[in-house]
Amino acid sequence: MDGTIAPLSDIKHLADKYKALIFVDDCHGTGFLGRTGRGTEEHFNMIGTIDIINSTLGKALGGAAGGYTTGSKALINLLRQRSRTFLFPNTLPPPIVASGMKAIDLIENNPNLPERVLENATTWFYSDNHPICPVMLGDARLASQFADEMLKRGIYVIGFSYLVVPKDRARIRVQVSAAHSKADLKRFIEAFAEVGRQFHVTK
Ligand SMILES: Cc1ncc(COP(=O)(O)O)c(C=O)c1O
C-alpha cells in the first residue's frame, strides 16, 4: 500500500532460523519487480526460495480478473481440495487466462517494460523503487474529493482511506505504467498541482 518493498532476504533468514514457511502476497510486485517481472523473489535474486506466492492477473498483467497461487505440488494439491474460493466459483474464462499468459510472455521477453515502469515512477515521482506512488493527504474526505477533481481533468487516481489504510493515513494512490509517456506524466503533475492548490495542500 505504501510502495515499500518487503526485505525478503531478511525475512527468509528469519524463516530459516525459526523453521517457518513464507507466504508472499506479490500482487504489487508481479509484472514489474525483477528483471523479467517475476516479482519480489526475482528482485532479490531469490527465485524458487519462497514457499507460497499469491498474486493477481489484475494489476501489472493488464487488468483482467483472476489470480494464482504458486507452491510445492503437495500444497497445490491440498489447495485444490480445500480452497473454498477455488472450489466454488466458476472457472476463470479462457480469454482471461490467455491474456494473462500473453502478458507474462510480453514482460518476460521485453525486460524494458518493467524498466520503463520504474523509470516513469522514479523520474516523475518521489518513489525510488516502486511504481505505486502514494501521495499522503491524511484526511479521508480530502483524498476522495481530490480524486474526484482529478477525474474531472481526465486523470484516474484512487483515494484510499480507512479501513484499507490506517486511520489518518488517507492518500491518493497513483499507479504509473510503462505505457505512460512523458507528456502524460507532465499533464498529471500539472493537474495534481492545480488540484492541490485548490484544496490548499500544495503551494
Ligand atoms: C496487496 C493486494 N493483494 C491482493 C489484492 C486482490 O487482488 P484481486 O483484486 O486480483 O483479487 C489486492 C487488490 O488491490 C492487493 O492490493
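A pocket is taken here as an open set of grid points, on a 1 Å grid over the protein atoms alone, with protein on both sides within 12 Å along at least five of seven lines. In the predicted model analysed here, the largest pocket holds about 700 Å³ of space. Its lining comprises 20 residues, of which Gly67, Tyr68, Thr69, Phe86 and Leu92 are the closest to the pocket centre. Two or more lining residues are contributed by each of strand E3 (67-70), helix H3 (73-82), helix H4 (84-87) and helix H5 (94-109), and H5, with four residues, gives the most to this lining. In terms of residue character, the lining of the largest pocket is made up of 10 nonpolar residues, nine polar residues and one charged residue.

Charged side chains were examined next. Side chains of opposite charge can pair when their charged atoms come close. Six salt bridges are present in the structure. One of them joins Lys12 to Asp16, with the closest N and O atoms 3.0 Å apart. Both residues belong to helix H1 (residues 8-17), and because Lys12 and Asp16 are four residues apart in this helix, about one helical turn separates them. Lys12 counts as partly exposed, with a relative accessibility of 22%, and Asp16 also counts as partly exposed, with a relative accessibility of 47%.

A further group of charged residues is centred, for the purposes of description, on Glu149. This residue forms a salt bridge with Lys152, in which the closest N and O atoms lie 2.8 Å apart. Lys152 and Glu149 are three residues apart in helix H7 (residues 140-152), so that about one helical turn lies between them. The two partners fall into separate accessibility classes: Lys152, at 65% relative accessibility, counts as exposed, whereas Glu149, at 13%, counts as buried, since buried denotes a relative accessible area under 20% and exposed one over 50%. Glu149 forms a salt bridge with Arg153 as well, the closest N and O atoms of this pair being 3.1 Å apart. Arg153 is partly exposed, its relative accessible area being 24%. These contacts form part of a network of salt bridges that links Glu149, Lys152, Arg153 and Glu194.

Note on methods:
Residues numbered from 1 in each chain as written. Predicted model: local features only at pLDDT ≥ 70, side-chain atom pairs only at ≥ 80, totals over all residues. Heavy atoms only, no water. 1 Å grid on protein atoms, 1.4 Å probe; cavity = no way out; pocket = protein on both sides within 12 Å on 5 of 7 lines; lining within 4 Å. Points joined across faces, edges and corners; volume = space filled by probe spheres on them. Nonpolar A, V, L, I, M, F, W, Y, C, P; charged D, E, K, R; others polar. Salt bridge = Lys/Arg side-chain N within 4 Å of Asp/Glu carboxyl O. Buried < 20%, exposed > 50% of the residue type's maximum accessible area, 1.4 Å probe, protein only.
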